[in-house]
Amino acid sequence: MAPDPVVATYSIVACDLTARQWGVGVQSRFLAVGSVVPWAEPYVGALATQSYANPRYGPDGLALLRQGHSAEEVVEALTSADGSCSERQVGVVDGGGRAATFTGEKCHEWAGGRTGDCYAAQGNILVSAATVDALAATFESNSHLELAERLIECLAAAQAAGGDRRGQQSASLLVVEKDAGYARLSDSVVDLRVDDHERPIAELRRLYALHRELFGVTPQEDWLDVDDALADELRERLTRLGHAGGLREAFAEWAGAANLEERVDGVTRIDPVVLEALRKESA
């Protein structure tokens, strides 16, 4: 029987307790790392499983966190029940921001992890400890950023510090918040995966920028009032794009086709991001 593939990677598991968000950022020389490593649930915690990854650590770890166990207790429970834990690596942040990381003694060098308030950073088959140090330092120095952007910055800094010594292939970003995902019917605020790419972190950054454009939130005070002149412009541009009829119906029809429905709330006021997109498309 062929050996299990090595999920050689670096990751950071973290939370922003003020924003009530938990998430995981990960990069690896491994196909579709986002399908294996990251797990998260609002108010419960987040987890990364890697290095001959045991995917059962994900649901089992979240179940333990849901029962009220601390991050350290979860790591202990998962690894003590696993006969192959010497080859595993796992990082956990619990619902209170406590963090724990584990690196088995048989993980390929360089391998190790660091923890701090609200984060656990770990990696294996790395150029050096500098990769994990960069994850930690970047997280600690970027508290002003939203969690998703903060995790991307961590991955970029880790890659610049050396990264996976086998190179790059895939990356993933997962951030959860209760009822804050699409249509307020999902907990996944961001769930982006780059499965196979020469520069996966750069591609992940590009996808996140697109995600922000489509699903981001512009403060209401920055929205524009739709006066008669702007309403006439909207009708003209929508008609040009084939969306004729009443302004409300035409605007909603176009926004849905453009995947901008999350940024639309009637036609009396308009998100400037939406207006710019309409102007660009109808130019």
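Which helices and strands each supply at least two residues of the lining of the largest pocket? In this predicted model, the elements that do so are H4, E10 and helix H5 (200-215), and the views below begin with the sheet to which E10 belongs.

**View 1. The six-stranded open sheet of the predicted model.** Six strands are joined in the order E7-E8-E1-E2-E9-E10, and their pairing is antiparallel. Strand E7 (112-116) and strand E10 (188-194) are the edge strands, each of which pairs on one side only. On average, and with direction ignored, neighbouring strands of this sheet are turned by 5 degrees against each other. At the edge formed by E7, five bridges join this strand to strand E8 (residues 119-123), and the two run antiparallel. One residue pair to look for here is Arg114 with Ala121, its bridge partner in E8.

**View 2. Helices H3 and H4 on the six-stranded sheet.** Helix H3 (residues 130-140) packs on the sheet, where it touches strand E1 (9-16), E7 and E8, and its direction makes about 160 degrees with that of E8. Helix H4 (residues 147-160), in turn, lies across E1, strand E2 (21-28), strand E9 (170-176) and E10, and runs at about 25 degrees to E2.

**View 3. Thr138 and the residues it touches.** Thr138 is found in helix H3. Is this residue, Thr138, buried or exposed? Its relative accessible area is 13%, and because residues under 20% count as buried, Thr138 is classed as buried. When residues up to four places away in sequence are not counted, Thr138 touches Glu153, Cys154 and Ala157.

**View 4. The four-stranded open sheet and its helices.** Four strands follow one another in the order E3-E4-E5-E6, again with antiparallel pairing. The edges are formed by strand E3 (38-41) and strand E6 (99-103), each pairing on one side only. Neighbouring strands of this sheet are turned by 5 degrees against each other on average, with direction ignored. E3 pairs with strand E4 (residues 45-50) in the antiparallel sense over four bridges, and within E4 the bridge partner of Pro38 is Ala48. Helix H2 (residues 71-80) packs on the sheet and touches E4, E5 and E6, its direction making about 150 degrees with that of E5. Helix H1 (residues 57-66) lies across E3, E4 and strand E5 (89-94), and runs at about 150 degrees to E4.

**View 5. The largest pocket.** This pocket has a volume of about 790 Å³, and among the 31 residues that line it, Ala180, Arg184, Phe215, Gly216 and Val217 are the closest to its centre. The largest share of the lining comes from E10, which gives five residues. Sorted by class, the lining of the largest pocket has 15 nonpolar, seven polar and nine charged residues.

**View 6. The second largest pocket.** The volume of the second largest pocket is about 210 Å³, and its lining consists of Glu213, Leu214, Trp254, Ala258, Leu260, Val273, Glu276, Ala277, Lys280 and Glu281. H5 and helix H8 (272-282) each supply at least two residues of this lining, and the largest share, five residues, comes from H8. By class, the lining of the second largest pocket divides into six nonpolar, no polar and four charged residues.

Terms used:
Residues numbered from 1 in each chain as written. Predicted model: local features only at pLDDT ≥ 70, side-chain atom pairs only at ≥ 80, totals over all residues. Heavy atoms only, no water. Pairing = 2+ DSSP bridges. Axes fitted to C-alpha atoms, helices over the stretch in contact; angles between N-to-C directions. Contact = heavy atoms within 4.5 Å. Buried < 20%, exposed > 50% of the residue type's maximum accessible area, 1.4 Å probe, protein only. 1 Å grid on protein atoms, 1.4 Å probe; cavity = no way out; pocket = protein on both sides within 12 Å on 5 of 7 lines; lining within 4 Å. Points joined across faces, edges and corners; volume = space filled by probe spheres on them. Nonpolar A, V, L, I, M, F, W, Y, C, P; charged D, E, K, R; others polar.
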